[in-house]
Amino acid sequence: MDTVFALRYDGGVIIAADQANARSILVYQDNLDKIVPLSSHSMMGVSGPNSDLVNFSDYVKANIALYELSNNGSTLTTEAQANFIRGTLATALRKGPYQVNILLGGYDVQTDKNGLYFMDYMACMHPVNFGVQGHASNFCLSIFDRDWKEGLTEEQGIAIIEKCINELKIRFLIAQTNFIIKTVDKKGVRTVSFGSDPADT
């Protein structure tokens, strides 16, 4: 019952995710951070079982860091990271699939462009302007479809994200009380807000 949604705005990408770590009828944690920074200018919102979510995120993050170390600090573009992730999912699909669905957002300093990519556990990949993973798509896609437009500012993007969160709190059967919102732009990845501090253990 994970929820991850994101949009691209003029100069960056915003990703939001619920913070619940749940399985079956139990909630184990309400401050989980499902948005993983992969580099200084990219991040990945992941939904799926906690074991796959953590293992896959750590694997991707470590391999992207290894690439930078092996290539004199040269960084992968957001598109290159998306292709690496898609390739990893496609390889695992034929062995032991990762049950993860992903929204990858990043900002490429060299080209001054942002990118948002939608990927699922079947290893499909699409560049998108906005996307939703999970049952929240039934509520949020119509909001994105109506309100998203080219040239959005960061403030307008955050307002749309908050509108989606409010809609879920009112209409979604599952109570998702805490959400974390992060953005990435030319300044890098930063946290905008959270419902419960992920640093609290």
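**Figure 1. A five-strand open sheet, ordered S10-S1-S2-S11-S12, in a predicted model**. Start by finding the five strands, which pair in the antiparallel sense. Which strands stand at the edges? They are S10 (130-133) and S12 (188-194), and each has a single partner strand, so one side of each is left without a neighbour in the sheet. Going from one strand to the next, the twist averages 15°.

**Figure 2. Strand S1 and its two pairings**. Let's zoom in on S1, which covers residues 4-9. With S2 (residues 12-18), S1 makes an antiparallel pair over six bridges, and here you can spot Val-4 standing opposite Ala-17. With S10, S1 also pairs in the antiparallel sense, this time over four bridges. In that pairing, Phe-5 stands opposite Val-132. Now look at the link between S1 and S2: the two strands form a hairpin with two residues between them. Gly-11 sits in the turn and has a positive phi of about 105°.

**Figure 3. The two faces of S1**. In a regular strand, side chains alternate between the two faces of the sheet. Try following that along S1: Val-4, Ala-6 and Arg-8 point one way, while Phe-5, Leu-7 and Tyr-9 point the other way. Is S1 largely enclosed or left open? Six of its six residues are buried, so S1 is largely enclosed by the rest of the structure.

**Figure 4. The largest nonpolar core**. Nonpolar side chains in soluble globular proteins tend to be buried together. The largest core here has 22 residues. Which of them touch the most other members? Those are Phe-5, Leu-7, Ile-14, Cys-140, Phe-144, Ile-161 and Leu-168. At least two core residues each come from S1, S2, H3, helix H4 (154-171) and strand S11 (179-185). H4 gives the largest share, with six residues. For a closer look, pick Phe-5: leaving aside residues up to four places away in sequence, its contacts include Ile-14, Leu-103, Val-132, Phe-144, Ile-161, Leu-168 and Phe-179. There is also a second, separate core of 18 residues, and Phe-56, Leu-104, Tyr-117 and Met-119 are among them. Back by the sheet, you can find helix H3 (residues 137-147) lying across S1 and S10, running at about 175° to S10.

**Figure 5. Another open sheet of five strands, with helices H1 and H2 packed on it**. This sheet has the order S5-S6-S7-S8-S9, again with antiparallel pairing. Its edge strands are S5 (35-39) and S9 (125-127), each of which pairs on one side only. The twist averages 20° from one strand to the next. Check out the pairing of S8 (residues 113-119) with S9, which is antiparallel and runs over three bridges. There, Phe-118 has His-126 in S9 as its bridge partner. Next come the helices. H1 (residues 50-70) touches S5, S6 (42-47) and S7 (101-108), and its direction makes about 15° with that of S5. H2 (residues 78-93) touches S5, S6, S7, S8 and S9, and its direction makes about 155° with that of S7.

**Figure 6. The largest pocket**. How big is its volume? The volume is about 630 Å³. A set of 32 residues lines this pocket, and Met-1, Asp-2, Ala-20, Ala-22 and Arg-23 lie nearest its centre. Strand S3 (21-23), strand S4 (26-29) and H1 are the elements that give two or more residues to the lining.

**Figure 7. Ser-193 and its surroundings**. Look for Ser-193 in strand S12. Is this residue buried, partly exposed or exposed? Ser-193 has a relative accessibility of 30%, so it counts as partly exposed; the partly exposed class lies between under 20% for buried and over 50% for exposed. Not counting residues up to four places away in sequence, Ser-193 touches Phe-179, Ile-180 and Ile-181. To get a feel for distances, find Tyr-107 too: Ser-193 and Tyr-107 are 86 residues apart in sequence, and 20 Å apart in space from C-alpha to C-alpha.

Notes
Residues are numbered from 1 along each chain as its sequence is written. This is a predicted model: local features need pLDDT of at least 70, side-chain atom pairs count only at pLDDT 80 or more; totals for chains, interfaces and linings use all residues. Side-chain values use heavy atoms; hydrogens and water are left out. Two strands pair if DSSP finds at least two bridges between them. Axes are lines fitted to C-alpha atoms, for helices over the stretch in contact, and angles run from 0 to 180 degrees between N-to-C directions. Contact means heavy atoms within 4.5 Å. A nonpolar core is a set of buried Ala, Val, Leu, Ile, Met, Phe, Trp, Tyr and Cys residues joined through side-chain atoms within 4.5 Å. Buried means under 20% relative accessible area, exposed over 50%, partly exposed in between (1.4 Å probe, protein chains only). On a 1 Å grid over the protein atoms alone, a cavity is a set of points where a 1.4 Å probe fits but cannot get out, and a pocket is an open set with protein on both sides within 12 Å along at least five of seven lines; lining residues have an atom within 4 Å of a point. Grid points are joined across faces, edges and corners, and a volume is the space filled by probe spheres set on the points.
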